[in-house]
Amino acid sequence: MITLNIISPSEPEVQDLIIKLNTFNLSLYSPEDCHLESPEQLTKNKAAMVGAYLGGRLTGMGALKQMDGYAEVKRMFVDSEQRGKGIAEKILQALEEIAAKNGNSIVRLETGSKHTAAIKFYTRMGYYRITQFGDYPINHVSVLMEKVFTNNTT
């Protein structure tokens, strides 16, 4: 059974998952093409973070940062052994609920062009590609996406 909890980027278990995510991203992209927000940055930016537990073990996470006029999904990751079990969907839905409760009608995210499964997942979840937001460069690596909620519902 999958359970969701609010987590802190300072927890060792969360930091271990962040290291796995960073290692995965750096295996696909150069460091300058990765936008790896650290646990300290997440804390400083007051990001809300949701963790998914399976059998009492943290197996997935995602964060939500409040920006000017929208919320941004950060650090979405599910441990490779647990993918395909609906964990990412539950995390993203929880983040979208937080965004809506905070008055957001737009949620945006950045993923990488080599993350084909993630792009398919986000598309299935109602996200579509956009050309630009925030400080992300326009390049061949970053895939920028958003979802707009009607009447502030997810």
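This report covers the helices, loops, backbone angles and pockets of one predicted model.

## Basis

The model is predicted, so local features need pLDDT of at least 70 and side-chain atom pairs count only at pLDDT 80 or more, while totals for chains, interfaces and linings use all residues. Residues are numbered from 1 along each chain as its sequence is written, and side-chain values use heavy atoms, with hydrogens and water left out.

## Helix α1

Helices (H or I, at least four residues) and strands (E, at least two) are DSSP runs, numbered from the N terminus. Helix α1 takes in residues 12-28. Its 17 residues should span 24 Å at 1.5 Å a residue, and the end C-alpha atoms are 25 Å apart, which agrees. The expected span of a helix is 1.5 Å times one less than its number of residues.

The buried residues of α1 are Val 14, Leu 17, Ile 18, Leu 21, Asn 22 and Asn 25. Seen down the axis, these buried residues fall within an arc of 145 degrees, so they line one face of α1. The arc is that of the directions from the helix axis to the C-beta atoms. Buried means under 20% relative accessible area, exposed over 50%, and partly exposed in between (1.4 Å probe, protein chains only). Pro 12, Thr 23 and Ser 27 are exposed on the other side of α1. The buried residues of α1 pack against α2 (39-44), β2 (48-54), β3 (57-66) and β4 (71-78); contact means heavy atoms within 4.5 Å.

## Loop between α1 and α2

Ser 30 and Asp 33 both have their place in the loop between α1 and α2. Ser 30 is partly exposed, with a relative accessible area of 24%. Its C-alpha atom lies 9.8 Å from that of Val 141, and the two residues are 111 residues apart in sequence.

Asp 33 is also partly exposed, at 22% relative accessibility. Leaving aside residues up to four places away in sequence, Asp 33 touches Asn 139 and Val 141. Asp 33 and Asp 79 are 46 residues apart along the chain, and their C-alpha atoms are separated by 22 Å.

## Helix α3 and Gly 103

The 15 residues of α3 should span 21 Å at 1.5 Å a residue, and the end C-alpha atoms are 21 Å apart, which agrees. Among the buried residues of α3 are Ile 87, Ile 91, Leu 92, Leu 95, Glu 96 and Ile 98.

Gly 103 comes just after α3 and takes a positive phi of about 85 degrees. The loop that holds Gly 103 runs between α3 (87-101) and β5 (106-112). Gly 103 is exposed, with a relative accessible area of 52%. The C-alpha atoms of Gly 103 and Ala 71 are separated by 9.4 Å, with these positions 32 residues apart along the chain counted as their separation.

## Helix α4

In α4, Ile 119, Phe 121 and Tyr 122 are buried. They cover an arc of only 160 degrees around the axis, which puts them on the same side of α4. Ala 117, Lys 120 and Arg 124 are exposed on the other side of α4. The cover over the buried residues of α4 includes β4, α3, β5, β6 (128-130) and β7 (142-148). Just after α4, Gly 126 takes a positive phi of about 100 degrees.

## Positive phi outside glycine

Lys 46 has a positive phi of about 55 degrees although it is not a glycine. Lys 46 sits in the loop between α2 and β2 and is exposed, with a relative accessible area of 74%.

Arg 75 is not a glycine either, and its phi is positive, near 55 degrees. Arg 75 lies in strand β4 and counts as buried at 6% relative accessibility.

## Pockets

On a 1 Å grid over the protein atoms alone, a pocket is an open set of points where a 1.4 Å probe fits, with protein on both sides within 12 Å along at least five of seven lines; lining residues have an atom within 4 Å of a point. The largest pocket holds about 860 Å³ of space. It is lined by 37 residues, of which Met 76, Phe 77, His 115, Ala 118 and Tyr 122 lie nearest its centre. The elements giving two or more residues to this lining are α1, β4, α3, β5 and α4 (116-124).

The second largest pocket holds about 160 Å³. Its lining includes His 35, Glu 37, Lys 65, Phe 133 and Tyr 136. A volume here is the space filled by probe spheres set on the points, and grid points are joined across faces, edges and corners.
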